[in-house]
Amino acid sequence: MNLKRLLGAEHGWGGATGTLLLLGFGLVILFISVAGLKEASRLAPEERGCAAWLADPSGARWVRLVGCKLDLGGRTRGGGPFIPLFAGDAPSAPVRAVLAPSDSDLIALRDGLDRLGSEQEAQAYLLANAARLEPKTLSGYVEPLKRGAAPGVSASEDAVVLVQGKQPPRGNTLVGLVVGLIAVALVVRSLFLRYLVERDSSL
């Protein structure tokens, strides 16, 4: 059976454009969805120590980090929504990871610092709220930090952001799988019908 005839390209490949585009679209969507299937199937976040995670934040994207510290003093006041994360005795530069907080206390703490007018006031504020900056357990979804998204933070080129409280996008993954399968199935159906027509015409 001639492949060009099956694809509807017996008079030129232009006739197969629609079929090939639909097949390519379906395969790309399936590839992306399957790649996110493992993460979407997790029932709970993977627990990791903050120090080990900061050294290598690859792997699971839905995580529960134990022992993270917040470096509020390591960001320019009013410099965006993110808070640098560190572990150990002191922050290191450049920043490897930041937190996009959803916790109301952390947001209030960050915004309270941004409203201050001088460095002396900021230092006094941080000292007064030291207890609220104790090592924390943070849960969320890890995403790449887009370039320029954290102007108030000196971040590394491969920095990531922990979006507090976010879970894997299960709905998007499921929809992608369904759409990709439908697109590929339509192409397979079209090829099969053409095959039947060609077979019958040759009898």
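The exercises below, each with a worked solution, concern the cores, the disulfide, a surface patch and the salt bridges of a predicted model.

**Exercise 1.** Determine which residues have the most contacts inside the largest nonpolar core, and which element gives the most to this core.

*Solution.* The largest nonpolar core has 24 residues, and those with the most contacts inside it are Trp53, Leu70, Leu72, Leu85, Leu99, Leu138 and Leu162. The elements that give two or more residues to this core include helix 4 (50-55), helix 5 (104-114), helix 6 (119-128) and strand 5 (136-144), while strand 2 gives the most, with 4 residues. Taking Trp53 next, and leaving aside residues up to four places away in sequence, one finds that Trp53 touches Arg48, Leu65, Leu85, Ala97, Val142 and Val160. Apart from this core lies another, of 9 residues, among them Val95, Ala100, Ala159 and Val161.

**Exercise 2.** Locate the disulfide in the chain, describe its geometry, and decide whether its two cysteines are buried or exposed.

*Solution.* The structure holds 1 disulfide, which is formed by Cys50 and Cys68 with their sulfur atoms 2.0 Å apart. The pair links distant parts of the chain, since Cys50 belongs to helix 4 and Cys68 to strand 2, 18 residues apart. The angle about the S-S bond is 95 degrees, and the link is right-handed. Both Cys50 and Cys68 are buried.

**Exercise 3.** Identify the helix that supplies the largest share of the nonpolar surface patch, and explain why Leu174 counts as exposed.

*Solution.* The patch, of about 680 Å², is made by Leu22, Phe25, Leu174, Val175, Val178, Val179, Ile182 and Leu186. Helix 2 (17-35) and helix 7 (170-202) each supply at least two of these residues, but the largest share, 6 residues, comes from helix 7. Leu174 has its place in helix 7, and because its relative accessibility is 54%, where exposed means over 50%, Leu174 counts as exposed.

**Exercise 4.** Of the 5 salt bridges, examine those of Asp105 with Arg132 and of Lys166 with Glu143, and state where in the chain the partners lie.

*Solution.* Asp105 and Arg132 meet through their side chains at 2.8 Å, N to O, and they join helix 5 to the loop between helix 6 and strand 5, 27 residues apart. Asp105 is partly exposed, with a relative accessible area of 33%, and Arg132 is likewise partly exposed, at 27%. For Lys166 and Glu143 the N to O distance is 2.4 Å; Lys166 lies in the loop between strand 6 and helix 7, and Glu143 in strand 5, 23 residues apart.

Conventions: Residues are numbered from 1 along each chain as its sequence is written. This is a predicted model: local features need pLDDT of at least 70, side-chain atom pairs count only at pLDDT 80 or more; totals for chains, interfaces and linings use all residues. Side-chain values use heavy atoms; hydrogens and water are left out. A nonpolar core is a set of buried Ala, Val, Leu, Ile, Met, Phe, Trp, Tyr and Cys residues joined through side-chain atoms within 4.5 Å. Buried means under 20% relative accessible area, exposed over 50%, partly exposed in between (1.4 Å probe, protein chains only). Contact means heavy atoms within 4.5 Å. A disulfide is a pair of cysteine sulfur atoms within 2.5 Å. Patches are made of residues with over 30% relative accessible area and no salt bridge: like charges are joined within 9 Å, nonpolar side chains (Val, Leu, Ile, Met, Phe, Trp, Tyr) within 5 Å. Accessible areas come from the Shrake-Rupley method with a 1.4 Å probe; for residues, only the protein chains shown count as cover. A salt bridge is a side-chain nitrogen of Lys or Arg within 4 Å of a carboxyl oxygen of Asp or Glu.
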